Amino acid sequence: MRTKDIGIDLGTANILIYVKGEGIVLSEPSVVAIDKESGEVLAIGSKAHEMLGRTPGSVIAIKPLKDGVIADFDKTEIMLDYFIKKIKGKTIFSRPRILICCPSNITQVEKNAIREVAERTGAKKVYVEEEPKVAAVGAGLSIDMPTGNMVIDIGGGTTDIAVLSLNGIVYSESIKIAGNTFDTDIIKYVKNKYKLLIGEVTAEKIKIKIGTVLENAKEKSMKVRGRDLLTGLPKTITLSSKEVKEAIKESVDMIIHGVKMVLEKIEPEISADIIDKGIVLTGGGALLEGLDKLIQQEINVPTKIAESPLTCVAEGTGIILDNLP
């Protein structure tokens, strides 16, 4: 049996797995459905995601990763083991080397937990790299040069803002506001304004379909179904993109504030490099309509979205694996 290296983007919302020589072979939601009474795992990944908000009382669909770190060690191990076995069925390899990503600015204890969960899946060796660095590599930035590069990686649980040079992170901030926060904001807004209760899956659909941060965005709307808090009956409302912008404004402002904080902490020479080269957005949150334009407008630095923001981290693991001895 030959050994193949594996790169894992262990995200709060999704897990992507890269196999050396084959590319990205798996992309599934980070969700586990379990029987509350017996603790038995009923479904993992896409099948478990379909159960979110739709399970009977005895079944709960949980996300074992919170804010980019492991919240439930056992469920994360079960989930990771399941996904690795799933890809082993497609390709023949034994005891792979695993490169797994974590948010910047997490504690050594949290980093060790991520390493341990990967080791327990049968890895020969585990490498842990910080997500913004891997995202920058996947986005095609030349971080090995003595010039500053800036990346904003907006995932499900965290937004990592990092400045990189000479293959290392010069300065970074990791804030616990990202895609999942936007979903929560939308749920709260709809609840407060319309007295309508909607779930995470519906909120995410709203964000993807009509979410925007642009002041003069083309007006879009969609029908939203949920439970009327006053009558307890099903109800449908029409939500506009302008309302979604209002719902997520505070969270978006906090991300921009984080970007400003990082820029204030770096050396003037690196600032000059960033003005010259611009900022790159990666992660699913980068796809929020107009976010690149808003950041550029607020901080007066050219900002662009990576070519493939959703897969940057996974592709970055592939490039790093290729250069491992």
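In which strand does Val128 lie? In this predicted model, Val128 belongs to strand 10, which covers residues 125-130. Its relative accessibility is 17%, and because buried means under 20%, Val128 counts as buried. Setting aside residues up to four places away in sequence, Val128 touches Ile100, Cys102, Lys111 and Arg115. One of these partners, Cys102, is 26 residues apart from Val128 along the chain, yet the C-alpha atoms of the two are separated by 7.0 Å.

From a single buried residue, the view can now widen to the nonpolar cores. In soluble globular proteins, nonpolar side chains tend to be buried together. Here, the largest nonpolar core holds 44 residues. The members that touch the most others in this core are Met150, Ile186, Ile198, Ile206, Leu239, Val252 and Ile274. Helix 7, spanning residues 241-265, supplies the largest share of this core, with nine residues. Another core lies apart from it and has 29 residues, including Val19, Met79, Val117 and Ala118.

Met150 makes a helpful example of how distant parts of the sequence meet. When neighbours within four places in sequence are left aside, the contacts of Met150 include Leu141, Ile161, Ala162 and Val163. Val259, Val262 and Leu263 are also in contact with Met150, as are Ile274, Gly278, Ile279 and Val280.

Nonpolar residues can be found on the outside too. Leu287, Ile305 and Leu310 form a nonpolar patch on the surface, and together they have about 260 Å² of accessible area. Within this trio, Leu287 sits in the loop between strand 17 (279-282) and helix 9 (291-299).

Terms used
Residues numbered from 1 in each chain as written. Predicted model: local features only at pLDDT ≥ 70, side-chain atom pairs only at ≥ 80, totals over all residues. Heavy atoms only, no water. Patch = residues over 30% accessible without salt bridge, like charges linked within 9 Å, V, L, I, M, F, W, Y side chains within 5 Å. Areas by Shrake-Rupley, 256 points an atom, 1.4 Å probe, with all protein chains shown as cover. Salt bridge = Lys/Arg side-chain N within 4 Å of Asp/Glu carboxyl O. Helix = DSSP H or I, 4+ residues; strand = E, 2+ residues; numbered from the N terminus. Core = buried A, V, L, I, M, F, W, Y, C linked by side-chain atoms within 4.5 Å. Buried < 20%, exposed > 50% of the residue type's maximum accessible area, 1.4 Å probe, protein only. Contact = heavy atoms within 4.5 Å.
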